[in-house]
Amino acid sequence: RLFRAKTGSCEQVYTCGSSLAFAIFSPDCHNVLTVAHDGMAGVYQTESGVCQQTLKCGGPVSQACFSADNSTLLIAASTAQTYSTSSWKCTQLGAEGVLHASFSPSGEKVLVSLKASAEMY
């Protein structure tokens, strides 16, 4: 749910999957990503609540973030996946058993944390 911070009023409700795990804003605040416990994710226009894209992430999601320029979405589930926000084309990064993933400040690289190591893509 999107609430107005000063008044506490609910402005929008976003739903995706069976049970919501978390939701985040894109850096420009034009989109909201919702992630469900069943591995489903939805990208919504913040103000209208219209679902732009539904993504099946291949398992429970531990981490998700947008690149600083909003061009790429990174999702860490059983593997790390990047999605172009213009085409929603998915690129699987090679690591299995991902614990955490993050963009470099430039957005050009992705660091993936595994149980015994970290890999950079």
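Which strand has the lowest mean pLDDT among the elements of the protein chain, and which the highest? I started there, since this is a predicted model. Strand β1, residues 2-3, comes out lowest with a mean of 69, and strand β8, residues 72-76, comes out highest with 93. For the protein chain as a whole I noted a mean pLDDT of 86, with 96% of the residues at 70 or more. A reminder to myself: where pLDDT is low, the predicted coordinates should not be read in detail.

**Entry: the four-stranded sheet**

I went to β8 next and looked up its sheet. The sheet is open, has four strands in the order β7-β8-β9-β10, and pairs them antiparallel. At its edges I found β7 and β10 (90-96), each pairing on one side only. Neighbouring strands here are turned by 15° against each other on average, direction ignored.

Then I took the pairs in turn. β7, residues 63-66, is joined to β8 by four bridges, and the two run antiparallel. In this pair, Gln63 sits opposite Ala76 of β8. The β7 and β8 hairpin leaves five residues between the strands, and among them I spotted Asn70 with a positive phi near 70°. On to the next pair: β8 and β9 (residues 79-84) share five bridges, again in the antiparallel sense. There, Ile75 faces Gln81 in β9.

**Entry: Ala64**

I picked one residue of β7 for a closer look, and that was Ala64. Is Ala64 buried or exposed? Its relative accessible area is 8%, so I wrote it down as buried. What does Ala64 touch, once its neighbours within four places in sequence are left aside? My list reads Phe22, Ile24, Leu33, Val35, Leu74 and Ile75. Leu74 made me check a distance: the C-alpha atoms of Ala64 and Leu74 are 5.5 Å apart, although 10 residues lie from one to the other along the chain.

**Entry: Asn31**

Another residue I looked up is Asn31, which belongs to strand β4 (residues 31-36). Asn31 counts as buried because its relative accessible area, 17%, is under the 20% cut-off. Which side chain makes a polar contact with that of Asn31? I found Gln52, at 3.2 Å. Gln52 also turns up in the wider contact list of Asn31, again without neighbours within four places in sequence; the others there are Ile24, Phe25, Ser26, Val43, Tyr44, Gln45 and Thr46. Ile24 was already in my notes as a contact of Ala64.

**Entry: the three-stranded sheet**

Further along the chain I looked at a second sheet. What is the strand order in the open sheet of three strands? I read off β11-β12-β13, with antiparallel pairing. β11 (100-103) and β13 (118-120) are the edge strands with a single partner each, so one side of each has no neighbour in the sheet. From one strand to the next, the twist averages 15°.

The β11 and β12 pair has four bridges and runs antiparallel. Phe103 has Val110 as its bridge partner in β12. These two strands make a hairpin with six residues between them, and Gly107 in the turn shows a positive phi of about 80°. I also checked the two faces of β11: Ala101 and Phe103 are on the covered one, His100 and Ser102 on the uncovered one. On the other side of the sheet, three bridges link β12 (residues 110-113) to β13, also antiparallel. In that pair Leu111 is opposite Met120 of β13.

**Entry: cysteines**

How many disulfides does the model have? I got zero. Why does Cys10 not form one? Its closest cysteine sulfur is in Cys29, 17 Å away, which is too far for a bond, as a disulfide needs the two sulfurs within 2.5 Å. I asked the same of Cys90: the closest cysteine sulfur, in Cys57, is 8.4 Å off, so this is too far for a bond as well. Are these cysteines buried or exposed? Cys10 is partly exposed, with a relative accessible area of 38%. Cys90 is partly exposed too, at 31%.

Methods. Residues numbered from 1 in each chain as written. Heavy atoms only, no water. pLDDT = per-residue confidence, 0-100. Pairing = 2+ DSSP bridges. Axes fitted to C-alpha atoms, helices over the stretch in contact; angles between N-to-C directions. Buried < 20%, exposed > 50% of the residue type's maximum accessible area, 1.4 Å probe, protein only. Contact = heavy atoms within 4.5 Å. Polar contact = N/O pair within 3.5 Å; in protein donor to acceptor, adjacent residues only side chain to side chain.
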